[in-house]
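Have a look at the model below and keep it open while you read. We'll go from the contact between chains to a sheet and what packs on it, and then to a few other spots.

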Amino acid sequence: MMGYHVSVALSGIWREKWINILCALSIAVGLFLLAIASLGVYNIEMATSRLPEKFSMTVYLKDGLSADEVQGITEEINKSPEVKSVQYTSKDDALKELKTIMRNSDYILEGLDDNPLPASMTVALKEASVTDISVKKLAENIEDLKGVSEVEYGRRLLEVIESVRKNTQLIGGFLIGALAAAVIFICYSTVKILFYRKMNEVETLKLLGSTRWFIRAPFLIEGGLIGLAGGLLSAAAVVGVVYAGYRRFEASLPMIGSLSLPPEVLYWLPATGLCLGIIGSFIAIGRIRF
Amino acid sequence: MENSDHIMIAFEGVSKSYGHNPALRDVSFSMGKGELCFLTGPSGAGKSTLLKLIYLAERPDEGIITLNGVEMNTVRESRIPWIRRKIGIVFQDFKLLPRTVFDNVALTLRIRGMHEADIRPIVHDTLKLVNLRHKADSLPTALSGGEQQRVVIARAIVGEPSVLLADEPTGNLDPDTAAGIMRVFREINARGTTILVATHNTELLKSTGNFIFRLDGGRLKEELYA
């Protein structure tokens with residue numbers, strides 16, 4: 001029986017080929033924009049999630065702390081669940097490091113009687129826990145510890161990253177939702193038109209004793225196939241545009257090389273087209289009354 | 001026709017209006033199993049409405065309709081497809097789909113979920129009965145009016161319905177073709193199918209010996225033998 005429905009759907013597609021081609025192209029454009037929006041969100045998410053891996057904070061200590069006090073601060077900081085590791089740098093080590101960095105202009109440091117650099121701790125954070133709120137709270141807690149003079153971290157950078165992330169998710173989510181609704185609407189309106197054009201045929205089927213599913217099945221297959229075709233076209237377009245973009249802009253925009261195209265897109269887009277096509281058709285046919 | 005076990009179609013005080021226009025008024029009649037009867041009357045007398053009430057395309061405003069013992073007034077919507085499968089309908093406007101003659105006739109069996117392998121011989125036998133075996137692969141648009149009418153008859157009878165309803169089956173056909181269509185009906189009737197033919201063609205009824213219901217203005221005016 002499925003073979004019969006598929007053959008009716010295929011002949012229906014062929015009979016109304018122009019409207020179906022236009023519909024498949026509209027879906028392809030919709031899904032292409034959907035995919036580009038998703039890829040944008042995905043890449044921004046990837047880029048912003050990579051930055052905090054290198055994120056750390058520096059805790060400057062007051063002068064004259066004993067080894068036990070330093071040990072106590074280290075243990076206290078390590079207690080925080082956000083902290084991955086704590087690395088202590090003594091005043092002497094800090095000076096040595098500075099001298100290494102400025103070895104070609106070490107005359108600047110000549111004449112210094114005392115070491116002016118403070119002892120410090122470099123606190124590495126766990127990637128998952130790096131949010132502007134959690135880091136800010138942690139910095140405040142560390143600043144309150146006895147023996148700590150100042151805590152430095154990329155507060156502004158973190159705020160910008162968080163803001164970009166949140167806005168991307170919000171705008172991306174809205175855009176993806178709107179485009180998905182547009183694709184459903186395209187399928188809905190196309191199948192509605194096809195359904196109206198076949199109203200006489202549907203009436204005849206009813207009078208001959210067809211069940212609702214016998215009437216619906218070819219329309220659902222037709223909508224699904226149109227959606228699938230749109231999905232395949234959009235997948236081809238996304239792959240084409242992304243690789244053409246790589247080749248065209250790789251030299252002038254090196255950051256383009258770090259953009260990634262998940263291979264799942266190749267089956268995710270046709271599958272989405274198929275599902276949205278079926279959903280749109282189902283809504284378009286509505287309840288069949290005898 | 002008195003014994004209810006032998007009654008195929010029964011109307012009891014059935015009325016139907018479209019808005020303020022009454023199409024049928026207080027119609028009562030019954031038709032026995034295996035009978036071939038005619039429903040006659042001028043255009044607008046209510047013949048098509050009466051048939052539509054039988055195949056549930058319309059519901060009565062008043063009265064009771066029974067088909068093979070089943071009271072149609074109380075039938076749930078979900079049961080309608082199964083009731084219609086017991087009724088063969090020859091539509092006045094043919095209602096042929098833009099598919100081949102074979103596919104049009106096979107549709108009745110496909111709707112019933114029959115396997116393709118079983119469908120082919122049955123459809124070919126039915127097309128043979130209406131003399132259209134050679135036109136199986138033609139599209140309805142390539143056929144004459146009489147041939148299209150015979151395709152509709154083939155589609156109506158291929159599922160071996162208990163009842164065959166024909167709405168003006170000889171309208172716009174020449175007398176020879178009309179007589180040919182009637183011969184087909186008699187053959188089908190001889191196999192035990194109950195047939196009700198709505199027609200305004202009184203020539204067709206002359207000396208047939210069949211029972212006639214004459215409608216006028218939505219009322220049943222006469223019941224007589226031709």
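Where chain B meets chain A, 15 residues of chain B are in contact with eleven residues of chain A. Bear in mind that this is a predicted model, and that totals for interfaces use all residues. On the chain B side, helices α2 (80-84) and α3 (101-111) each supply at least two of the residues that touch chain A. The largest share comes from α3(B), with four residues. As for chemistry, the chain B side divides into eight nonpolar, five charged and two polar residues.

Now stay with chain B and find its six-stranded sheet. The sheet is open, and if you walk across it you meet the strands in the order β6-β7-β8-β3-β9-β10 (chain B), with mixed pairing. At the edges sit β6 (87-90) and β10 (219-225) of chain B, each of which pairs on one side only. From one strand to its neighbour, the turn is 15 degrees on average, ignoring direction.

Within that order, pick out the pair formed by β3 (residues 36-40) and β8 (residues 194-199) of chain B. These two strands run in the parallel sense and are joined over five bridges. If you want a place to start tracing them, take Leu36(B), whose bridge partner in β8(B) is Ile195(B).

Two helices are worth following next. Helix α1 (residues 47-54) of chain B packs on the sheet and touches β3, β7 (163-167), β8 and β9 (211-216) of chain B. The direction of α1(B) makes about 150 degrees with that of β7(B). Helix α6 (residues 175-190) of chain B lies across β3, β7 and β8 of chain B, and α6(B) runs at about 155 degrees to β8(B).

Away from the sheet, look for Tyr18(B), which lies in strand β1 (residues 7-18) of chain B. Is Tyr18(B) buried or exposed? The cut-off for exposed is 12 or fewer C-beta neighbours within 10 Å, and Tyr18(B) has 10 of them, so Tyr18(B) counts as exposed. In sequence, Tyr18(B) is 43 residues from Asp61(B), while in space their C-alpha atoms are 9.7 Å apart.

Finally, turn to chain A. Its domain assignment gives domain 1 as two segments, 2-50 + 160-285, and domain 2 as 56-153. How far apart do the C-alpha centres of these two domains of chain A lie? The distance between the centres of domain 1 and domain 2 of chain A is 53 Å.

Note on methods: Residues are numbered from 1 along each chain as its sequence is written. Chains are lettered from A and ligands numbered from 1 in the order in which they are written. This is a predicted model: local features need pLDDT of at least 70, side-chain atom pairs count only at pLDDT 80 or more; totals for chains, interfaces and linings use all residues. Two strands pair if DSSP finds at least two bridges between them. Axes are lines fitted to C-alpha atoms, for helices over the stretch in contact, and angles run from 0 to 180 degrees between N-to-C directions. Two residues are in contact if their C-beta atoms, placed from the backbone, lie within 7 Å. A residue is buried if 20 or more other C-beta atoms lie within 10 Å of its own, exposed if 12 or fewer, and partly exposed in between; C-beta atoms are placed from the backbone. Ala, Val, Leu, Ile, Met, Phe, Trp, Tyr, Cys and Pro count as nonpolar, Asp, Glu, Lys and Arg as charged, and the others, Gly among them, as polar. Domain bounds come from an automatic or database domain assignment.
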